[in-house]
Amino acid sequence: GWHIPNEAEWQVLVNFVSSGTGLGTASSYLKNILAPNSFLASPEGFYYLNLLPVFTSPPKATFFWTSSFDPVSGKAAARGINEETPSLSRYLSDGIDAFPVRCIRD
């Protein structure tokens, strides 16, 4: 089977693709189609509150759901990339947002 990765599994991906440099540069590697072992993420946009597509021309950001929840806020954790910065950010979001998922094999 397959499953949606939790935040710890996202961190393993971050450490792998960024050669240990971390969240501050991970998005650069995730978006780089020429990088070896690339995740090949691209900022394709997203639906916020499932109402309006947040797209620009070209899209500037996207989020990916994790399977983790923040116990303090009660919100789901997502990881986000954008065109402006090389970082991979953590966002807490309501479950009604429409973000893509990237599954990993069990």
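Hi everyone. Let me begin with a definition: when I say contact, I mean heavy atoms within 4.5 Å. With that in hand, residues 24 or more positions apart make up 49% of the contacts in the protein chain that have a separation of 6 or more. Please keep in mind that this is a predicted model.

Here is the overall layout. The protein chain has 2 helices and 7 strands, and along the sequence they come in the pattern β-α-α-β-β-β-β-β-β. There are 106 residues in the protein chain, and 35% of them count as buried. The accessible surface is about 6,300 Å², with 61% of it belonging to carbon and sulfur atoms.

Let's start with helix H1, residues 7-17. Which residues of H1 are buried? They are Glu7, Trp10, Val14 and Val17. These residues cover an arc of only 90° around the axis, which puts them on the same side of H1. For anyone who likes the helix arithmetic, an α-helix has 3.6 residues a turn, so residues three or four places apart point the same way. On the face turned away from that buried side, H1 carries the exposed residues Ala8, Val12 and Phe16.

So what covers the buried residues of H1? The cover includes helix H2, at 23-31, along with E4, E5 and E6.

Now the two ends of H1. At the N-terminal end, Asn6 acts as the cap, with a side-chain oxygen 3.0 Å from the backbone nitrogen of Ala8. Just after H1, Ser19 takes a positive phi of about 55°.

I'd like to pause on Glu7, which lies in helix H1. Is Glu7 buried or exposed? With a relative accessible area of 17%, Glu7 is buried, because buried here means under 20%. Setting aside neighbours within four places in sequence, Glu7 is in contact with Thr66, Ser68, Ala77, Arg79 and Arg90.

On to strand E4, residues 61-69. Of its 9 residues, 7 are buried, so E4 is largely enclosed by the rest of the structure. E4 pairs with strand E5, residues 76-82, in the antiparallel sense over 6 bridges. One of the bridge partners is Ala76 in E5, which sits opposite Phe69. The two strands form a hairpin with 6 residues between them, and Gly74 in the turn has a positive phi of about 75°.

That brings me to the aromatic rings. How many aromatic pairs are there? The count comes to 4. In one of them, the rings of Trp10 and Phe64 have centres 5.9 Å apart and planes at 35°, so that pair is tilted. The pair links distant parts of the chain, since Trp10 belongs to helix H1 and Phe64 to strand E4, 54 residues apart. Both Trp10 and Phe64 are buried.

Another pair is Trp65 with Phe99, where the centres are 4.7 Å apart and the planes are at 35°, so this pair is tilted as well. Trp65 sits in strand E4, while Phe99 is in the loop between strand E6 and strand E7, 34 residues apart. Trp65 is buried, and so is Phe99. Ring pairs also link Phe63, Trp65, Tyr91 and Phe99 into a cluster.

If you open the model, try starting from Trp10 on the buried side of H1 and stepping across to Phe64 in E4. Thanks, everyone, and I'm happy to take questions.

How values were computed:
Residues are numbered from 1 along each chain as its sequence is written. This is a predicted model: local features need pLDDT of at least 70, side-chain atom pairs count only at pLDDT 80 or more; totals for chains, interfaces and linings use all residues. Side-chain values use heavy atoms; hydrogens and water are left out. Helices (H or I, at least four residues) and strands (E, at least two) are DSSP runs, numbered from the N terminus. Buried means under 20% relative accessible area, exposed over 50%, partly exposed in between (1.4 Å probe, protein chains only). Accessible areas come from the Shrake-Rupley method with a 1.4 Å probe; for residues, only the protein chains shown count as cover. Rings of Phe, Tyr and Trp (its six-membered ring) pair if their centres lie within 6.5 Å; planes under 30 degrees apart count as stacked, over 60 as edge-to-face and the rest as tilted. Two strands pair if DSSP finds at least two bridges between them. The arc is that of the directions from the helix axis to the C-beta atoms. A polar contact is a pair of N or O atoms within 3.5 Å; within protein, one must be able to donate a hydrogen and the other to accept it, and residues adjacent in sequence count only if both atoms are side-chain atoms.
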